[in-house]
Protein chains: 4
Amino acid sequence: MQREEQRARTFSWQVRVYYEDTDFGGVVYYANYLRFFERARTEWLRAMGADHQRLAAEQGLVFVVRRAEINFVRAARLDDLLEITVEPAEKRLASMVLRQRAPRGSELMAGALIQVACVRRDDYRPVAIPPEFLERIQA
Amino acid sequence: MQREEQRARTFSWQVRVYYEDTDFGGVVYYANYLRFFERARTEWLRAMGADHQRLAAEQGLVFVVRRAEINFVRAARLDDLLEITVEPAEKRLASMVLRQRAPRGSELMAGALIQVACVRRDDYRPVAIPPEFLERIQA
Amino acid sequence: MQREEQRARTFSWQVRVYYEDTDFGGVVYYANYLRFFERARTEWLRAMGADHQRLAAEQGLVFVVRRAEINFVRAARLDDLLEITVEPAEKRLASMVLRQRAPRGSELMAGALIQVACVRRDDYRPVAIPPEFLERIQA
Amino acid sequence: MQREEQRARTFSWQVRVYYEDTDFGGVVYYANYLRFFERARTEWLRAMGADHQRLAAEQGLVFVVRRAEINFVRAARLDDLLEITVEPAEKRLASMVLRQRAPRGSELMAGALIQVACVRRDDYRPVAIPPEFLERIQA
């Protein structure tokens, strides 16, 4: 794959580090990268015309995280501006794997593979990702 | 009112300060006292035979916080053990005011007045606090 | 005071409601408004040329919240976009009171008075707010 | 290894699910399992005579999470009581891998492998885990 294509498929969303995100060590509390990653996924969904509230209300669907593998590489600090990325790495009928990164400039703070499944809101049963959404994801 | 009575009405619940609760300043992130206060209220409700899940499922009721006044007096630190208290200060038909404190030993870290209302889960309309619950509260 | 002046002094910052901000009731967990309010205060400070990291590193100062009075009026929902405002309401030597609001369009979700003090990072002793900063605040 | 030995090495810590832990889906917000896992690790450290505050103050050491692999299996609900476990899976000079589980009764909600490293508080350089601590860990 060429670099231009890769860039085209990679969505990114800026996140600022606030007091609430830091801990006793003076750096971002590591569990909060999962929050940053999710904000970027939500905005990526929104950019494709899907938002959580509407998916839940109109189709009774929610996306849930099934598995996460995260490497915490460097420690981001208060006031840092991170560029959280989302890139589809694998897609199946009822789930997908997303590669996500949290760089600060050219330095990687954290990277992750996040497996997200589509389930019915009522009983958490897996269902197929809506086709109009699935076909917009290039993986 | 005599001191013995006061102690009898005051419920307390221990909360340990973990990494997740601290911030860049090395102390408890102030907004987290609201979480500590709520844990104590939840356990106070449970001690009176009411739990959130059951109130929601069986009676369609949830308690919501309408107003909070909080003084942040001293800064609790990682590993501290706080004794969060709940004491009814005022009761009305559909709401109540609770006095809450977060001492560490004999030193007060934070104190608050929290107004809690009882609402219908569906439309957030105020409803009377269930009488079997209200009569157990001495305010 | 005329409305134009008021608008000029009021800083505002957009906050999107994400999954992490909601609770069991399907709405924003009330304690999270304190986080939203703080993000707006941080950006307001930054807009005046002060950021937390630099204040701490260069001058050994941190701002801490001493008191908060918050009214929770309506419940914001997932995907909502809130316009968090900051408006100085009172200024003293070592502290200030800020009026903050969280409207969604024309409806108020929550409003607060937040008292913030300037302290030394080392021992949490109150110190005068740096004059170059204080004189930029119109209260 | 026999089952008795395994049980002996497995530390466990109860965590109650509060409002603050839930999200829009009515269940525990998945990122919060990382918090639950950390509370149990902190208590496991404390049970071995080490606490974060003292390690930082006396030896200038902090434990940081380097990598986490988490499977989110079932969704815990408000008021649930989870039994968070910690079991050493691998130990090296400056890091260790811990297996952690979050069951509710006999059902697994989430399971994880967490790699924790020991670093100097000042510059985040890896250092050997203190021997008096390392020898108490059976992995």
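**Exercise 1. In this predicted model, work out whether Y19(C) and F24(D) are buried or exposed, then classify their ring pair.**

Start with accessibility: Y19(C) is buried, and F24(D) is buried too. Next, the geometry. The ring centres sit 5.7 Å apart and the planes meet at 90°. Pairing needs centres within 6.5 Å, and planes over 60 degrees apart count as edge-to-face, so this pair is edge-to-face. Now place the two residues. Y19(C) is in the loop between strand 1 (11-16) and helix 2 (32-47) of chain C, while F24(D) is in the loop between strand 1 (11-16) and helix 2 (32-47) of chain D, which makes this a pair that crosses between chains.

**Exercise 2. Classify the pair Y33(D) and F72(D), and say which parts of chain D it ties together.**

Geometry again: the centres are 6.1 Å apart and the planes are at 50°. That angle is neither under 30 nor over 60 degrees, so call the pair tilted. On to location: Y33(D) belongs to helix 2 and F72(D) to strand 2 (residues 61-72), so the pair ties together parts 39 residues apart in sequence. Both Y33(D) and F72(D) are buried.

**Exercise 3. Find which residues of chain A ring pairs link into a cluster.**

Follow the ring pairs and you collect Y29(A), Y30(A), Y33(A), F36(A) and F72(A). For context, searching the whole structure turns up 28 aromatic pairs over all chains.

**Exercise 4. Which ring face does R121(B) lie over, and which one does R121(C) lie over?**

Take R121(B) to begin with: it lies over the face of F24(C), 4.5 Å from the ring centre. Then swap the chains: R121(C) lies over the face of F24(B), at 4.5 Å from that ring centre.

Key:
Residues are numbered from 1 along each chain as its sequence is written. Chains are lettered from A and ligands numbered from 1 in the order in which they are written. This is a predicted model: local features need pLDDT of at least 70, side-chain atom pairs count only at pLDDT 80 or more; totals for chains, interfaces and linings use all residues. Side-chain values use heavy atoms; hydrogens and water are left out. Rings of Phe, Tyr and Trp (its six-membered ring) pair if their centres lie within 6.5 Å; planes under 30 degrees apart count as stacked, over 60 as edge-to-face and the rest as tilted. Helices (H or I, at least four residues) and strands (E, at least two) are DSSP runs, numbered from the N terminus. Buried means under 20% relative accessible area, exposed over 50%, partly exposed in between (1.4 Å probe, protein chains only). A charge sits over a ring if NZ of Lys or CZ of Arg is within 6 Å of the ring centre and within 35 degrees of the ring normal.
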